[in-house]
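Trainee: I would like a close look at one part of this model, with the cut-offs spelled out as the terms come up.

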Amino acid sequence: MALTLLPKKIYQCLTLGTKRVSAFACTASWIQKAGYQNFPVPPQFGDIEIPKERQKLRFFNKVPQYTAVVRPPKMTKRLDLIRGEEEVHTDLIHKQYGIIARRGGVLRHGHLEMVRLSIARKIDVNRMFAIWRIDAPWKPVTKKGQGKRMGGGKGSIDHYVTPIKAGRVIIEFGGKCSFDEVKPLLKMIAHKLPFPADVVSQETLEASRLEAERRERENVNPYTFKYLIQNNMLGCHNWIKDIDKQYFGKYT
């Protein structure tokens, strides 16, 4: 029993040692009582099947493998690969848990290794599994040496990245485990990513989508940001970005 829960006289006697307390008061305060506790039934995972091929995340190569006769191609910035909303990989395949990007960005090889090693340390392969929902780094990023002048052609390839759009499922985590058990691990990984990401389960993902539809349906204000852009109110087309004319400020 903590000292702060004891009566005032007993607390002063035990901490300061300056006052005496009667034996009856000490005996009465230390009487233990048994109460009735009703614990919930533990969840059952009998209908969940763990993939047999691989439970941990596989290793991604830092550089794409080309044949000996193929020269590694270079690319432009291609910002369209990270702008807007993901249209394909937005749902959980195994209907359990995962990490979804809230905004577009790129993942380097170090980010992927951070995710893989963090899960490898905590996962229990006997009852859990994790899978990638993204590709290995494939988009080349060029860079010139420090101090060089402009011109002279495009620089050499410095590293490769994986572009991610908003709403893209990055990893899936599942098995015979509850959401409260895996949420701290997934939340730590999502916090280390270079862009905002959310830890979701199948229930929370469906609830968030229903909530977004309800807000849009029950909105009583007709002057939304989409309405302002579509009608060019106050000449907003002169100062807003082209990406806002397409996605109406939803994805930045």
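Which residue of strand 6 stands opposite Ile99? Please describe the sheet around that pair, and then place the sheet in the chain.

Mentor: Ile99 has Ile171 opposite it in strand 6. Before going on, some conventions. This is a predicted model, in which local features need pLDDT of at least 70, side-chain atom pairs count only at pLDDT 80 or more, and totals for chains, interfaces and linings use all residues. Residues are numbered from 1 along each chain as its sequence is written, and side-chain values use heavy atoms, with hydrogens and water left out.

The pair sits in the connection between strand 1 (residues 97-101) and strand 6 (residues 169-175). Helices (H or I, at least four residues) and strands (E, at least two) are DSSP runs numbered from the N terminus. Strands 1 and 6 run antiparallel and are joined by four bridges; two strands count as paired if DSSP finds at least two bridges between them. Beside the Ile99 and Ile171 pair, Gly98 has Glu172 as its bridge partner in strand 6.

Strand 6 also pairs with strand 3, again in the antiparallel sense, over five bridges. On that side Phe129 faces Gly174 of strand 6. The burial of strand 6 can be stated briefly: seven of its seven residues are buried, so the strand is largely enclosed by the rest of the structure. Buried here means under 20% relative accessible area, exposed means over 50%, and partly exposed lies in between (1.4 Å probe, protein chains only).

These pairings belong to an open sheet of four strands, in the order 3-6-1-7, with antiparallel pairing. Strand 3 (128-132) and strand 7 (197-201) form the edges; each has a single partner strand, so one side of each lacks a neighbour in the sheet. From one strand to the next, the twist averages 20 degrees. As for the pairing itself, strands of a sheet pair through backbone hydrogen bonds, either parallel or antiparallel.

Two helices are placed against this sheet. Helix 4 (residues 179-192) lies across strand 1, strand 3, strand 6 and strand 7, and runs at about 165 degrees to strand 7. Helix 5 (residues 202-217) also packs on the sheet, where it touches strand 1 and strand 7, with a direction that makes about 110 degrees with that of strand 7. Contact means heavy atoms within 4.5 Å; axes are lines fitted to C-alpha atoms, for helices over the stretch in contact, and angles run from 0 to 180 degrees between N-to-C directions.

A second sheet is useful for comparison. Three strands form an open sheet in the order 2-5-4, paired antiparallel. Its edges are strand 2 (105-107) and strand 4 (139-143), each with a single partner strand, so one side of each has no neighbour in the sheet. The twist in this sheet averages 55 degrees from one strand to the next.

Strand 5 (residues 156-164) is joined to strand 4 by five bridges, and the two run antiparallel. Within that pairing, Thr142 is opposite Ile157 and Lys143 is opposite Ser156. Strand 2 is joined to strand 5 by three bridges, also antiparallel, with Ile164 of strand 5 as the bridge partner of Gly105. Helix 3 (residues 109-122) lies across strand 2 and strand 5, and it runs at about 70 degrees to strand 2.

Now the chain that holds both sheets. It has seven helices and seven strands, which follow the pattern α-α-β-β-α-β-β-β-β-α-β-α-α-α along the sequence. Among the contacts in the chain with a separation of 6 or more, 77% are made by residues 24 or more positions apart. Of the chain's 252 residues, 31% count as buried.

One residue further along the sequence gives a case outside the sheets. Tyr227 lies in helix 6 (residues 225-230) and is partly exposed, with a relative accessible area of 35%. Leaving out residues up to four places away in sequence, Tyr227 touches Pro222 and Met233. The C-alpha atoms of Tyr227 and Phe248 are separated by 8.8 Å, with the two residues 21 apart along the chain.

To return to your pair: Ile99 and Ile171 stand opposite each other, in the connection where four bridges join strand 1 to strand 6.
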